[in-house]
Amino acid sequence: MNNSLPFFVVSLSVVYLLVRWNKRIHSVLFKFGDFLLKRAFPSYSEFEPYKFALLRILFGAVLVLRALYIQKLLIPEEWFSPIGIYSLMGLTAAILLTCGLFTQWSLLFLIFFMWHTGDGLLGTSTLGNDVAAMLGLLLFLTNAGAYLSMDSLLLNQFRWARKVLLYLEDVTSPRKIALAKFITLLAYACVCVYSLSMHLNEPAWTSGNAGPLLFTNNFMSSWHQFAEALFVQSEFSVHLARISLWTMILWFISVIPFTLLGGIFRLYTITWGVLFFLLALIVLNLGSLAQIELVFWAAIFWSKRGLDVQKKLVLFFDDKCNLCDKLVQVLSFLDLFGRMKFSPLSQSASSLKNFNIHLEEALIDLYGGVEASGEVQSGYDLYVLLSRNLVLLWPLFPVFYLGKLLKIGPLLYRFVARRRREIFGVCSLSRPKIFRPSLEVSSKRGFLHSAIFLHVFLLAGGYLVAIPAPYIGIEGSPNVVQKAAHYYGITPINVFNSGDLRMAENWFTLNSIDNKELVPLFTEFGSRLDMHISDRVYFGNTLRFRRGVIGDNQCAFEKMRPSIEYLSKVYLHLKSAPSGEYTFKYDQYYQALPADEELFRGKYRVQPKEVKCNTLFKVSYNS
């Protein structure tokens with residue numbers, strides 16, 4: 001991957017010089033950005049950059065959790081090795097991204113170094129890294145670290161901070177945000193196109209048999225035993241699983257065109273993507289891929305719910321009441337997207353009339369209304385309305401709603417409301433509220449932003465020419481373009497293929513003779529256990545075992561012995577075992593997949609399971 005980095009840098013530099021030299025490129029891009037705003041990525045809030053800041057925090061939390069699990073399951077001899085150093089660097093970058101400190105630098109480190117060289121050494125390279133690179137590019141282009149972050153403190157204090165911290169100009173422009181969304185979605189679509197071309201030439205996909213085989217795959221499906229029992233009992237469920245797989249083919253090819261068409265087509269792209277990612281999150285064991293894809297989808301398509309400033313909420317509050325004043329202080333701080341207008345009762349006589357609210361009632365209860373619809377809520381119902389409309393209060397909505405159903409919330413509210421002045425006192429002057437100012441849009445062209453857009457576009461085109469796949473690509477094309485595109489997450493990915501499906505055929509179990517227990521890797525039915533929380537255990541070891549023994553009818557213990565002994569040491573580390581020699585028992589299992597011909601007819605017949613071999617072995621462990 002390193003040999004493509006010089007080409008990446010040189011080609012980006014050439015595009016940057018071209019953009020600076022030919023100003024007409026900007027006008028073309030701006031027109032395209034305006035089109036995207038109308039059809040593909042409508043903007044409903046001038047505060048959308050705060051959305052990217054929230055998603056940056058969520059994305060960083062996913063990466064921190066992933067890195068912590070990897071770090072937790074490193075054995076002592078790895079702590080001060082290159083593996084331990086890379087793991088620690090990945091964790092540090094994830095923490096910095098979450099906190100928003102040196103955010104742009106952290107994103108560049110992750111994209112160009114950690115997710116290529118670092119994860120390659122750790123054995124944790126996954127499709128999740130590639131989608132993370134796409135999301136990282138979008139967060140970089142939208143200055144996601146400039147808000148709700150430690151970087152924002154530096155930006156407010158020092159003039160030099162913007163350049164040193166690598167923040168771009170004019171990224172709050174809606175059209176530039178739309179362009180950034182498009183190129184990252186284009187990167188994702190390129191991966192989909194490659195997958196589609198491979199699946200159309202794979203019998204398991206063209207027959208639909210990959211559907212039931214995927215749901216019953218004991219390595220990838222959390223519900224494989226339930227799905228297996230269902231398919232055995234119901235031919236209809238087998239056919240339904242086959243048909244549902246075919247619907248993915250339409251989605252793969254429609255991501256870009258349907259998004260650009262807008263309307264119901266765009267809604268289909270969004271909805272099917274969310275359903276697919278939720279399926280991966282709940283049913284399929286794919287590491288952190290599903291979480292990253294959901295954040296990625298939100299970064300591109302979430303633009304209205306909770307962000308629509310055209311549907312402002314007007315809150316009428318008693319500006320002589322300390323409790324009300326403090327509540328408004330909190331709400332004004334939490335209102336990231338400018339959804340609220342605060343009206344003190346002493347200055348809101350005419351507004352109260354517009355909502356048909358009497359001043360005497362407003363002095364007893366908290367009242368609020370939606371300007372666009374005229375909807376009015378008061379008391380506890382207003383809290384439910386606020387938790388439904390303010391993004392940062394969304395986690396509290398189920399709590400408030402449950403309180404309403406159980407009648408407990410309104411009772412508690414009524415008790416406090418009638419006594420609020422007695423309990424909290426009065427104030428002669430309300431404090432100034434933390435209203436969020438409008439974000440400034442620079443008049444500068446932002447050459448680097450435009451250059452990156454064109455660079456992604458050109459590398460995506462080169463990727464489609466260079467990749468070796470049916471129907472696309474030209475044999476013999478230079479792969480340096482394809483490898484350079486990988487820095488943007490654009491890479492040939494072929495998941496749920498015949499190899500992935502056949503990983504369900506072979507597995508092993510380890511039993512600790514000394515502790516008289518099963519090592520938490522696999523059950524005797526092939527289900528994954530707790531040690532798979534680490535991507536180093538999963539992608540770096542067990543996945544390689546299950547893929548490496550496909551079609552091999554021999555005992556794989558000696559072939560895979562280094563990995564098996566390593567996993568035994570990871571278990572001993574988790575058990576805080578003292579240094580010494582320990583004995584384990586290795587059992588290898590084989591179970592053939594159901595016959596393709598029977599699946600095609602809706603018949604799911606479970607094949608017998610057999611033990612291929614078993615052996616005792618010893619491991620020397622240093623704690």
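A residue counts as buried under 20% relative accessible area, as exposed over 50%, and as partly exposed in between. Keep that scale at hand while looking over this structure, which is a predicted model.

**A nonpolar patch on the surface**

Let's start with Ile 282, which lies in helix H14. Its relative accessibility is 48%, so Ile 282 counts as partly exposed. Ile 282 belongs to a nonpolar surface patch together with Trp 223, Phe 226, Leu 230, Val 274, Leu 275, Leu 278 and Leu 281. Together these residues have about 730 Å² of accessible area. Two elements give two or more residues each to the patch: helix H12 (224–233) and helix H14 (263–282). Which helix provides the largest share of the patch? That is H14, with five residues.

**Strand S5 and its partners**

Next, have a look at strand S5, residues 506–512. This strand is mostly covered, as six of its seven residues are buried. S5 pairs with strand S7 (residues 580–591) in the antiparallel sense, over seven bridges. Within that pairing, Asn 511 has Lys 585 of S7 as its bridge partner. S5 also pairs with strand S6 (residues 517–518), again antiparallel, over two bridges. Here Ser 512 is matched with Glu 517 of S6. The hairpin of S5 and S6 has four residues between the strands, and Lys 516 takes a positive phi near 55° in this hairpin.

**Salt bridges**

Side chains of opposite charge can pair when their charged atoms come close. The count for this model comes to 18 salt bridges. Three of them are set out here, with the N to O distance for each:

| Residue pair | N to O distance |
|---|---|
| Asp 381 and Lys 404 | 3.5 Å |
| Asp 552 and Lys 559 | 3.8 Å |
| Lys 585 and Asp 587 | 3.0 Å |

Asp 381 lies in helix H19 (residues 379–389) and Lys 404 in helix H20 (residues 397–405), so their salt bridge ties together parts that are 23 residues apart in sequence. Asp 381 is partly exposed at 30% relative accessible area, and Lys 404 is partly exposed at 34%.

Asp 552 is partly exposed at 24% relative accessibility, and its partner Lys 559 is partly exposed at 48%.

Lys 585, met above as the bridge partner of Asn 511, is also in a salt bridge with Asp 587. Are these two buried or partly exposed? Lys 585 is partly exposed at 28% relative accessibility, whereas Asp 587 is buried at 6% relative accessible area. Elsewhere, Glu 48, Lys 51 and Lys 181 are joined into one network by salt bridges that share partners.

Conventions. Residues numbered from 1 in each chain as written. Predicted model: local features only at pLDDT ≥ 70, side-chain atom pairs only at ≥ 80, totals over all residues. Heavy atoms only, no water. Buried < 20%, exposed > 50% of the residue type's maximum accessible area, 1.4 Å probe, protein only. Pairing = 2+ DSSP bridges. Patch = residues over 30% accessible without salt bridge, like charges linked within 9 Å, V, L, I, M, F, W, Y side chains within 5 Å. Areas by Shrake-Rupley, 256 points an atom, 1.4 Å probe, with all protein chains shown as cover. Salt bridge = Lys/Arg side-chain N within 4 Å of Asp/Glu carboxyl O.
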